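Student: Hi! I have a structure open and would like to talk it through with you. Could you help me get my bearings?
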Amino acid sequence: MLNIAYVGFGKSTNRYHLPYLKLRLDQFKVGRIVTPTLGKRPADQAFWEATGTIFSTDIADIINDEQIDLVVVVTPSASHFSVTKQLLAAGKNVLVDKPMAANLAEAQTLIELAKAQHLFLMPYQSRRFDSDFLTVQHVLQQGYLGRLIDLEVHMDHYRPDAGVTSGPKIDGSLFGHGVHLVDQIVSLLGSPHAATYDLRAAREIGATVDDQIEVNLFYDQAVKATLQTTELAMVQYPKWQLRGTKGTFIKYQVDEQENDLKAGIMPGTAGFGLDAPQNFGQLVYLNQSGDRIEKHLPSLPGDYGRIYDSIFDTLTHGAPKLVSDEQMLTVMQILSAGDLENSPRVVKF
């Protein structure tokens, strides 16, 4: 069993992390939680205190606890680098919420520090276990599409009221939503040789933080991957569109885990996170006989908790990390090259 601690006890910790830990208490014990404000979530705090979790307001309590095997950093994005660096320097294994840092240089610093200390370090890229992403991965692995030519993925919302209008680059959509999509593409296709960036502040003229992005990543064999996010999508666009030499796959609906979690439906509940049949992706391809086949492909079940399963296997059995150091650096290189002030732009890697 791994003794785990959390820095942060806000919405993300209680929505995207701890509900999945409740199903894995045979592998993990939540030993400590540090939060700036005790009692802000009294029912949640009481639940974990009843299991033996110790709450406090000082990160030194985690640093000085030699029984802690892994620390999960779920703090505001701008603090990820400093908190993670402090924990690594103190000899702690760290899982840090995305984005892991504000730029490539910071990511390199963290990775080098972890290597020097022989410690585990990984960003919480839970959307590798989105239902829609797992289904796309399956489509590519099965070879339905032939040779991939174009991949397009969206993370769109309709939130017309301006959000963050100024601040550091890490608070923009590229680092906020885009980090998920970049990581998914990197996990599928690896490192691109070039990219183009169209970053805009669309909701409020004069804002200095991007809220609408389009990034094109270019690979060998004429492959292009496009990722887009916007806060002004009143009409839904496909989440995924993939085109290859022998087929096409289109998926509209996003993974249902987040919708269920927001509605208070928790992991372990019957039907949690499952796609309705009418939301399955459409697959059109040529079979080995050259026949045109059209069908709705059932979505594979998503499970954000699988990232914790992977960490358990790495820390207890020495399995490779889910997100490799090379992938971490590639993601941060792509994110860091985006620049709202000099957009659009072309970058070669």
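Student: Which residues does UniProt list for "domain: Gfo/Idh/MocA-like oxidoreductase C-terminal"?

Tutor: UniProt lists residues 140–337 for that domain, and the entry is unreviewed. Keep in mind that we are looking at a predicted model.

Student: Thanks. What are the helix and strand shares over residues 140–337?

Tutor: That stretch is 25% helix and 27% strand. Its end C-alpha atoms lie 28 Å apart.

Student: And where does UniProt place "domain: Gfo/Idh/MocA-like oxidoreductase N-terminal"?

Tutor: The record puts that feature at residues 2–122, again from an unreviewed entry. Over residues 2–122 the chain is 40% helix and 21% strand, with 16 Å between the end C-alpha atoms.

Student: Let's look at helix α1. Why is it largely enclosed by the rest of the structure?

Tutor: Helix α1 spans residues 11–21, and nine of its 11 residues are buried, so the rest of the structure largely encloses it. "Buried" here means under 20% relative accessible area.

Student: Which residues of α1 are the buried ones?

Tutor: They are T13, N14, R15, Y16, H17, L18, P19, Y20 and L21.

Student: OK, on to sheets. In what order do the strands come in the six-strand open sheet?

Tutor: The order is β3-β2-β1-β4-β5-β6, and the pairing is parallel. At the edges stand β3 (54–56) and β6 (121–124); each has a single partner strand, so one side of each is left without a neighbour in the sheet. From one strand to the next, the twist averages 20 degrees.

Student: How many bridges are there between β2 and β3?

Tutor: Three: strand β2 (residues 28–34) pairs with β3 in the parallel sense over three bridges. In that pairing, V34 stands opposite S56 in β3.

Student: There's another sheet too, right next on my list. What is the strand order in the open sheet of nine strands?

Tutor: That order is β14-β13-β12-β11-β7-β10-β9-β8-β15, and the pairing is mixed. Its edge strands, β14 (292–297) and β15 (345–348), each pair on one side only. Ignoring direction, neighbouring strands of this sheet are turned by 10 degrees against each other on average.

Student: Do β13 and β14 pair in the parallel or the antiparallel sense?

Tutor: Antiparallel: strand β13 (residues 281–286) pairs with β14 over six bridges. For a residue pair to click on, try Y285, whose bridge partner in β14 is I293.

Student: And what does β11 pair with?

Tutor: Strand β11 (residues 240–244) is joined to strand β7 (residues 148–156) by five bridges, and the two run antiparallel. Four bridges join β11 to strand β12 (residues 247–251), also an antiparallel pair. β11 and β12 form a hairpin, with two residues between them.

Student: Where does W240 fit in?

Tutor: W240 is the bridge partner of V153, and W240 also stands opposite K251 in β12.

Student: Changing topic: I care about voids. How many cavities of 30 Å³ or more are there?

Tutor: The count comes to two. The largest cavity has a volume of about 50 Å³, and the second largest holds about 40 Å³ of space.

Student: Which residues line the largest cavity?

Tutor: The lining is K98, P99, M100, P123, Q125, V179, D183, V323, M328, V331 and M332. Helices α8 (178–189) and α11 (325–337) each supply at least two of the lining residues, and α11 gives the most, with three. By class, the lining has eight nonpolar, one polar and two charged residues.

Student: What about the lining of the second largest cavity?

Tutor: A162, G163, V164, T165, R203, E204, A207, V209 and D211 line that cavity. They divide into four nonpolar, two polar and three charged residues.

Student: Last one, about pockets. How much space lies in the second largest pocket?

Tutor: The second largest pocket has about 230 Å³ of space. Of its 13 lining residues, K169, T208, D339, L340 and E341 lie nearest the centre.

Student: How does the lining of the second largest pocket divide by class?

Tutor: Six of the residues are nonpolar, three are polar and four are charged.

Methods: Residues numbered from 1 in each chain as written. Predicted model: local features only at pLDDT ≥ 70, side-chain atom pairs only at ≥ 80, totals over all residues. Heavy atoms only, no water. 1 Å grid on protein atoms, 1.4 Å probe; cavity = no way out; pocket = protein on both sides within 12 Å on 5 of 7 lines; lining within 4 Å. Points joined across faces, edges and corners; volume = space filled by probe spheres on them. Nonpolar A, V, L, I, M, F, W, Y, C, P; charged D, E, K, R; others polar. UniProt positions renumbered as here; feature names shortened; annotations may be inferred. Buried < 20%, exposed > 50% of the residue type's maximum accessible area, 1.4 Å probe, protein only. Pairing = 2+ DSSP bridges. Axes fitted to C-alpha atoms, helices over the stretch in contact; angles between N-to-C directions.
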